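Colleague: I should like to go through the terms used for this model and see on what grounds each one is applied.

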Amino acid sequence: MGFLLPLLAALFSLSLAGPLLGARAEEGVTVTLTSASAGDPGPGLPRIVGARDPGRPLVVLDPGHGGRDPGAISPYGGRREKDVTLAVAAAIRDELAASGKVRVAMTREDDRYLVLRERYEIARRMGAALFISIHADAAPQNDGARGATIYTLSEVASDREAAQLAEQQNGSDRLAGAPVGAGAGVNRILIDLAQRESMDVSAGFAALLKREGAPYFPFRPDYHRFASLVVLKAPDVPSILFETGYLTNPADLGYIDSPAGRRQIAMGMRSAIETHFARRRLNLAGAR
Ligand SMILES: [Zn+2]
């Protein structure tokens, strides 16, 4: 199944249009490459840092919230989620860039508002191989709650809390009056196939992030949850939403909101991301 996702992604790009650079034959089917495959981000897209080789996979980091949407507010010092997520994403970007094995971009590098669909559309248009939306949790009624959680896409929420998160996050688009989950007018079967493979890859990455991240920062016991989050709905880009920890827990806030703590998060994330792509390369080589 390893070849299916890139193939479908290419077909999907073709059907959604975009600047066409040329066509080539692959697996007996003619596919068309969009500008996203060439390494140049194109007008209006964020800058890419890290590996210079355009053949290296691109990771798009998405700092949650921003602009008029502050996200959760910490009861300790009033830190806003939108500022915390931006700082955490920047730390991960810098760690990945210094290592130089992947290319990396951020959906926002300043305090601006983006609707959820815009966030994953940036990843799609850039030809991202992995999309990571970064958030920080809040449990105002339970300041003992702590640790990181990873969400991946499912139409059925894994529990009540996951369902509430989806409702709350998806609702942030109402600030801009954007339609939630508007359907693309392309072949539903192709999208469903691509989405299914993306969901499998995303779940695999979630398990890897727990394994590689656990030496660096704490996770909740039920660290992998499922929810129907709009920001995870790019059909052709494996996507996770990473809740770094709780703004309502003093210990979590201590590391999420300190340079040393953010570096720990970044090191765990880098290890997971680089292992993920090393595995994907092996799988693809094995499939030939
Ligand atoms: Zn959030």
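The exchange below sets values against definitions, one term at a time.

Colleague: What should be known about numbering and confidence before we begin?

Modeller: Residues are numbered from 1 along each chain as its sequence is written. The model is predicted, so local features need pLDDT of at least 70 and side-chain atom pairs count only at pLDDT 80 or more, while totals for chains, interfaces and linings use all residues.

Colleague: What makes a stretch a helix or a strand here, and how many of each does the protein have?

Modeller: Helices are DSSP runs of H or I with at least four residues, strands are runs of E with at least two, and both are numbered from the N terminus. On that basis the protein has 7 helices and 9 strands.

Colleague: Why is strand E3 called an edge strand?

Modeller: Two strands pair if DSSP finds at least two bridges between them. The open sheet has 7 strands in the order E3-E5-E4-E6-E9-E7-E8, with mixed pairing. Strand E3 (49-50) and strand E8 (219-227) each have a single partner strand, so one side of each is left without a neighbour in the sheet. E3 is joined to E5 by 2 bridges and runs antiparallel to it, with Gly50 opposite Arg103.

Colleague: How do you know that E4 pairs on both sides, and in which sense does it run relative to E5 and E6?

Modeller: E4 and E5 share 4 bridges in the parallel sense, and 5 bridges join E4 (residues 58-63) to E6 (residues 130-137), also parallel. Val60 illustrates both pairings: it stands opposite Ala105 in E5, and its bridge partner in E6 is Phe131. Asp62 is opposite Ser133 in E6. Further along the sheet, E6 and E9 run parallel over 6 bridges, with Asp137 opposite Tyr246.

Colleague: What makes E4, H2 and E5 a right-handed unit?

Modeller: A crossover is right-handed if, with the strands pointing away from the viewer, the path from the first strand over the helix to the second runs clockwise. E4, H2 and E5 form a β-α-β unit of that hand.

Colleague: How do you know that the span of H2 agrees with expectation?

Modeller: The expected span is 1.5 Å times one less than the number of residues. Helix H2 (residues 81-99) has 19 residues and reaches 27 Å from its first C-alpha to its last, close to the expected 27 Å. After H2 comes Gly100, whose phi is positive, near 75 degrees.

Colleague: Why is Leu209 called buried?

Modeller: A residue is buried if 20 or more other C-beta atoms lie within 10 Å of its own, exposed if 12 or fewer, and partly exposed in between, with C-beta atoms placed from the backbone. Leu209 has 25 other C-beta atoms within 10 Å, and is therefore buried. Leu209 belongs to helix H5. In the protein as a whole, 43% of the 288 residues count as buried.

Colleague: What makes Ile150 and Ala272 contacts of Leu209?

Modeller: Two residues are in contact if their C-beta atoms, placed from the backbone, lie within 7 Å. Leu209 touches Ile150 and Ala272, not counting residues up to four places away in sequence. The C-alpha atoms of Leu209 and His276, 67 residues apart along the chain, are separated by 8.9 Å.

Colleague: Why is E6 described as largely enclosed?

Modeller: 8 of the 8 residues of E6 are buried, so the rest of the structure largely encloses this strand. Leu130, Ile132, Ile134 and Ala136 lie on one side, and Phe131, Ser133, His135 and Asp137 on the other. In a regular strand the side chains alternate between the two faces of the sheet.

Colleague: What makes a set of residues a nonpolar core, and which members touch the most others in the largest one?

Modeller: A nonpolar core is a set of buried Ala, Val, Leu, Ile, Met, Phe, Trp, Tyr and Cys residues joined through C-beta atoms within 7 Å. The largest has 62 residues, of which Val59, Val60 and Ala128 touch the most other members. H2 gives the most to this core, with 7 residues. Beyond four places in sequence, the contacts of Val59 include Leu96, Val102, Ala128 and Ile273.
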